[in-house]
Amino acid sequence: MGRVRASGVLYVEGARRRALALDPRAAQLWADLGDQVGGKMLRPRLTLAAYLGLGGDDLDAVVPVALAQEILHTAMLVHDDVLDHDDVRRGRPNIAGATRARLAAEGVAPEVARAQGDAAALLGGDLAIAAAVDVVLRAPLAPAVATEVVGLLVRSIHTTVAGELLDVAASSELPGRTDALLVAELKTATYTCVVPLLAGAALAGASAEARDALTTYGLHMGVAFQLVDDELGVLGDPAVTGKSVLSDLREGKRTHLVALAHALADDAQRRTLDAHLGRPDLDATDAARVCAVLRATGAVDALHREVDARVAAATVALDSLPAPLRDHLAERARTLVERSA
């Protein structure tokens, strides 16, 4: 991962220097964007694993493609924070939060600072999308391979946008009306697991059978990853996750966990959920009441069973792959769902 991280730093710094010739504020946006790049690096790890596990050996070719997955992920996070009205990501200010803080220190009115912070985040996310494509096009790849990888990036954007649209629309609907598992597949599984794996497979010239196996694994693993993420979003430790446990509840996110709780709840428990989910002013006390319902209904246990089933299905899909890659991805599946952040 060291080469991927270093390549990302070099790319952002080069873009920042070029932007400085346009305007210092444009350079600052690139600096803020660079601060957002790089977390668990799951997506680059999957690209590298698929490429190396299927016989690839050219690091100069695969590192930019792996980096593109992380930069695209950054774009998704930046835009997602705008949708969720979040100012913090991974325990520190995101682009919107950093912009607002600077403007507030300059004496800019709060409503103006908020609008400009959102604008900066939207534009920063746009920059990251373009940068992901740019990184691939600059890589030492055969034209046909570069075209295929860019096509995968475009596919992941189209799919994720569809999932985000369903996710946002679901907040105004009753729990259970929107298929939360479909949202997880569209919003997360494709760009988090499927596309990074297929990008590595494309570089390695993998067979259709191997690509099909990676697709099935990626879809199940990506859904499991999102289900765990949804649980951590309301029941996790903010000191570990770097994100408030109030955000998703205030947004009224119709996650699979919420749908399960609503279906399993008695009348009193359902009234608690309906009264508090989606309240912009939800405080810690009422959030605790919602979380108590999530546990008391058995929804958390049911979610864990769904996660276990997804991991099992993902693991079975790996049977046709080379043993080292199969074992690595099986272990990766287990660690992803046992995480605390």
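The legends below describe an overall view and several close-ups of a predicted model of one protein chain.

**Figure 1. Overall view of the protein chain, a predicted model.**
The chain is built with 16 helices and two strands. Its radius of gyration is 21 Å, close to the 20 Å that the globule rule gives for 341 residues, so the chain is as compact as a globular protein of that length. Along the principal axes, the C-alpha atoms fill a box of roughly 60 × 55 × 30 Å. Of the contacts with a separation of 6 or more, 74% join residues 24 or more positions apart.

**Figure 2. Burial, surface and charge in the protein chain.**
Buried residues make up 52% of the 341 in the chain. The exposed area comes to about 14,800 Å², and carbon and sulfur atoms supply 58% of this area. The chain carries 35 positive and 45 negative charges. The mean position of the positive charges and that of the negative charges are 2 Å apart.

**Figure 3. Close-up of the aromatic pair formed by Y11 and W30.**
The structure holds one aromatic pair. The ring centres of Y11 and W30 lie 6.3 Å apart and the ring planes meet at 65°, so the pair is edge-to-face. The angle cut-off for that class is over 60 degrees. Y11 belongs to helix α1 (residues 2-20) and W30 to helix α2, so the pair ties together parts that are 19 residues apart in sequence. Y11 and W30 are both buried.

**Figure 4. Close-up of M41, a residue other than glycine with a positive phi.**
The phi angle of M41 is near 60°. M41 sits in the loop that runs between α2 (24-36) and α3 (42-53). Its relative accessible area is 3%, and the cut-off for a buried residue is under 20%, so M41 counts as buried.

**Figure 5. Close-up of H85, which has a positive phi although it is not a glycine.**
For H85, phi is about 60°. The residue lies in the loop between α4 (59-84) and β1 (88-89). H85 has a relative accessibility of 54%, and exposed means over 50%, so H85 counts as exposed.

**Figure 6. Close-up of G233 in helix α9.**
Helix α9 covers residues 208-235, and G233 is found within it. G233 counts as buried at 15% relative accessibility. With residues up to four places away in sequence not counted, G233 touches S244, V245 and D248. L249 is 16 residues from G233 along the chain, and the C-alpha atoms of G233 and L249 are separated by 8.7 Å.

**Figure 7. Close-up of V223 in helix α9.**
V223 is buried, and its relative accessible area is 1%. Apart from neighbours within four places in sequence, V223 is in contact with L181, A184, E185, A189 and R310. R289 is 66 residues from V223 along the chain. The C-alpha atoms of V223 and R289 are separated by 27 Å.

Definitions and conventions. Residues numbered from 1 in each chain as written. Predicted model: local features only at pLDDT ≥ 70, side-chain atom pairs only at ≥ 80, totals over all residues. Heavy atoms only, no water. Helix = DSSP H or I, 4+ residues; strand = E, 2+ residues; numbered from the N terminus. Rg over C-alpha atoms; globule rule 2.2 N^0.38 Å. Buried < 20%, exposed > 50% of the residue type's maximum accessible area, 1.4 Å probe, protein only. Contact = heavy atoms within 4.5 Å. Areas by Shrake-Rupley, 256 points an atom, 1.4 Å probe, with all protein chains shown as cover. Lys, Arg positive; Asp, Glu negative; His and termini not counted. Charge placed at Lys NZ, Arg CZ, Asp CG, Glu CD. Phe/Tyr/Trp six-rings, centres within 6.5 Å; stacked < 30°, edge-to-face > 60°.
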